[in-house]
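Thank you all for making the time this morning. I would like to walk you through one model, going from one region to the next, and I will try to keep to what can be read from it.

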Amino acid sequence: MGASWGNYNHLAQGIHATTEYLEYFFENLLLGAKHELKNRYLAVDADIPKCQIGTLNDTLDGTLDCTLEEAAVLNVILANPSVTQAELARQIGKSERTVKRRTVSLQEKRIIKRENGKRNGRWLLMRH
């Protein structure tokens, strides 16, 4: 038997803890993904079907190294490039400070860029 995955470690039996199921749950919740989550996928050795996060992966080819919060910010920006940080914070349920940190991080990664200033500006995607 090869390596198995669960929500606990039992190294003698080759079982290693994983957060895969939890990550799929949060992608569904925060990003509108459509991962199929069923109790049988909680079992050791379960093969969880993967899905793509709709808008984000279609636009950016699923090649980004982003946190879930950054991906949530990107999904809102894709839907409304003129969105403000205050509106972003409201839509993803985070503080404005958190949104500021995430947008700065995305800009440092050269994924997004702000054009025409804070008030009348818009977000541009740098990677396609």
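**From helix 4 to the hairpin**

Let me begin just after helix 4, where Gly93 takes a positive phi of about 75 degrees. Please keep in mind throughout that this is a predicted model.

Staying with helix 4 itself, which runs over residues 85–92, the residues that count as buried are Leu88, Ala89 and Ile92. They lie on the same side of the helix, because the arc they cover around the axis is only 100 degrees. As for what lies over them, the cover includes helix 3, at 68–79, together with helix 5, at 96–108, and strand 4, at 122–125.

That last element brings me to the hairpin, in which strand 3 and strand 4 pair in the antiparallel sense over four bridges. Within that pairing, Glu115 stands opposite Arg122 of strand 4. There are six residues between the two strands, and Asn116 in this hairpin has a positive phi, near 70 degrees.

The loop between strand 3 and strand 4 also holds Gly121, and here I would put a question to you: is Gly121 buried or exposed? With a relative accessible area of 4%, Gly121 is buried, since the cut-off for that class is under 20%. If we set aside its neighbours within four places in sequence, Gly121 is in contact with Ser82, Arg114, Glu115 and Asn116. Gly121 and Thr84 are 37 residues apart in sequence, while their C-alpha atoms are 8.6 Å apart in space.

Let me now turn to the surface, where Leu22, Phe25, Phe26, Leu29 and Leu30 form a nonpolar patch whose accessible area comes to about 460 Å² together. One of these residues, Leu29, sits in helix 1, which spans residues 20–31, and Leu29 counts as exposed, at 57% relative accessibility.

Finally, a word on the chain as a whole, whose secondary structure comes to five helices and four strands, following the pattern β-β-α-α-α-α-α-β-β when read along the sequence. Of its 128 residues, 29% count as buried, and the chain exposes about 8,400 Å², of which carbon and sulfur atoms supply 48%. Among contacts between residues at least 6 apart in sequence, 37% join residues at least 24 apart.

Methods
Residues numbered from 1 in each chain as written. Predicted model: local features only at pLDDT ≥ 70, side-chain atom pairs only at ≥ 80, totals over all residues. Heavy atoms only, no water. Buried < 20%, exposed > 50% of the residue type's maximum accessible area, 1.4 Å probe, protein only. Arc of directions from axis to C-beta. Contact = heavy atoms within 4.5 Å. Patch = residues over 30% accessible without salt bridge, like charges linked within 9 Å, V, L, I, M, F, W, Y side chains within 5 Å. Areas by Shrake-Rupley, 256 points an atom, 1.4 Å probe, with all protein chains shown as cover. Salt bridge = Lys/Arg side-chain N within 4 Å of Asp/Glu carboxyl O. Pairing = 2+ DSSP bridges.
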